[in-house]
Amino acid sequence: MEIPKIHESEYRFCLILWEQEPITAVHLAKLCQERLGWKRTTTYTVIKRLGERGILKNEDGVVTSLISKEMAQTWELDELVEKKFEGSLPAFIAAFARRQELSEEEIEEIRRIIEK
C-alpha cells in the first residue's frame, strides 16, 4: 500500500494529531493555533484535505489518523532511499554514517537491528 504524500506542514500537523488522538476538531484547531500559529480555518482546511487523501478521518467532529506515524516515516524513508540512493539501503546507511558521529551504543543498536 502506498501512503499518500504528507507535506512538511501537514506532517507537523500530524505530529500533534498522533500525540493527541482521538481529538475533537475544535481542540485540534486550538493546539494548531498555539503550536503552529495557524488560524482555525487553516486547520479545518488541512483536516479536509488529509481526510480526502485517506490520511485521517473526521467523524462527528472527532479526528483520528488512518496512517500511523511509523507508517508515514517508513514510507518517507523508502521514498528517500529509492530517489536519492537508487534503492540501495547500504548506500544510504554509508552516507548517513559518514555524516554522523555514531556512539558505540548506536553502532551496537544498528548491528542488532541488522542481525534481526
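Helix H2 (residues 25-36) packs against helix H3 (residues 40-52) in this predicted model, with an angle of about 120° between them and their axes 9 Å apart. That angle makes H2 oblique to H3, and the crossing is right-handed. On the H2 side, the contact is made by Ala25, Val26, Leu28, Ala29 and Cys32, while H3 brings Arg40, Thr43, Tyr44 and Ile47. Sort those residues by class and you get seven nonpolar, one polar and one charged.

Now bring in helix H1 (residues 8-20). Its axis and that of H2 come within 11 Å and cross at roughly 130°, and so H1 and H2 are oblique to each other. H1 passes H2 in a right-handed crossing. From H1, the residues to look for are Arg12, Phe13, Ile16, Leu17, Glu19 and Gln20, and they meet His27, Leu28, Leu31, Cys32, Arg35 and Leu36 in H2. The mix here is seven nonpolar, two polar and three charged residues. Leu28 and Cys32 turn up in this list for H2, and they are also part of what H2 uses to touch H3.

H1 meets H3 as well. Their axes come within 11 Å and cross at roughly 95°, which means the two helices are roughly perpendicular to each other. Glu10, Phe13 and Cys14 of H1 make this contact with Thr43, Val46, Ile47, Arg49 and Leu50 of H3. By class, that is five nonpolar, one polar and two charged residues. Phe13 of H1 takes part here and also in the contact with H2. Likewise, Thr43 and Ile47 of H3 touch H1 as well as H2.

Here are the three helix pairs side by side:

| Pair | Angle between axes | Axis separation |
|---|---|---|
| H2 and H3 | about 120° | 9 Å |
| H1 and H2 | roughly 130° | within 11 Å |
| H1 and H3 | roughly 95° | within 11 Å |

Next, a couple of backbone oddities. Most residues other than glycine have a negative phi, and most peptide bonds are trans. Where does this chain depart from that? One spot is the bond joining Glu21 and Pro22, a cis peptide bond with omega of about -10°. Pro22 sits in the loop between H1 and strand S1 (23-24). Another is Asp60, which is not a glycine yet has a positive phi of about 55°. You'll find Asp60 in the loop between strand S2 (56-59) and strand S3 (62-65).

Finally, the pocket. The largest pocket has a volume of about 330 Å³. Which helices each supply at least two residues of its lining? They are helix H5 (89-99) and helix H6 (104-115). The lining is made up of Leu77, Leu89, Phe92, Ile93, Phe96, Ala97, Leu102, Ile107, Ile110, Arg111, Ile113 and Ile114. Those residues divide into 11 nonpolar, no polar and one charged. If you want to trace the lining on the structure, Phe92, Ile93 and Phe96 are among its residues, and so are Ile110, Ile113 and Ile114.

Conventions. Residues are numbered from 1 along each chain as its sequence is written. This is a predicted model: local features need pLDDT of at least 70, side-chain atom pairs count only at pLDDT 80 or more; totals for chains, interfaces and linings use all residues. Side-chain values use heavy atoms; hydrogens and water are left out. On a 1 Å grid over the protein atoms alone, a cavity is a set of points where a 1.4 Å probe fits but cannot get out, and a pocket is an open set with protein on both sides within 12 Å along at least five of seven lines; lining residues have an atom within 4 Å of a point. Grid points are joined across faces, edges and corners, and a volume is the space filled by probe spheres set on the points. Helices (H or I, at least four residues) and strands (E, at least two) are DSSP runs, numbered from the N terminus. Ala, Val, Leu, Ile, Met, Phe, Trp, Tyr, Cys and Pro count as nonpolar, Asp, Glu, Lys and Arg as charged, and the others, Gly among them, as polar. Axes are lines fitted to C-alpha atoms, for helices over the stretch in contact, and angles run from 0 to 180 degrees between N-to-C directions. Angles under 35 degrees count as roughly parallel, over 145 as roughly antiparallel, 65 to 115 as roughly perpendicular and the rest as oblique. A crossing is left-handed if the near helix is turned anticlockwise from the far one by less than a right angle, and right-handed if clockwise. Contact means heavy atoms within 4.5 Å.
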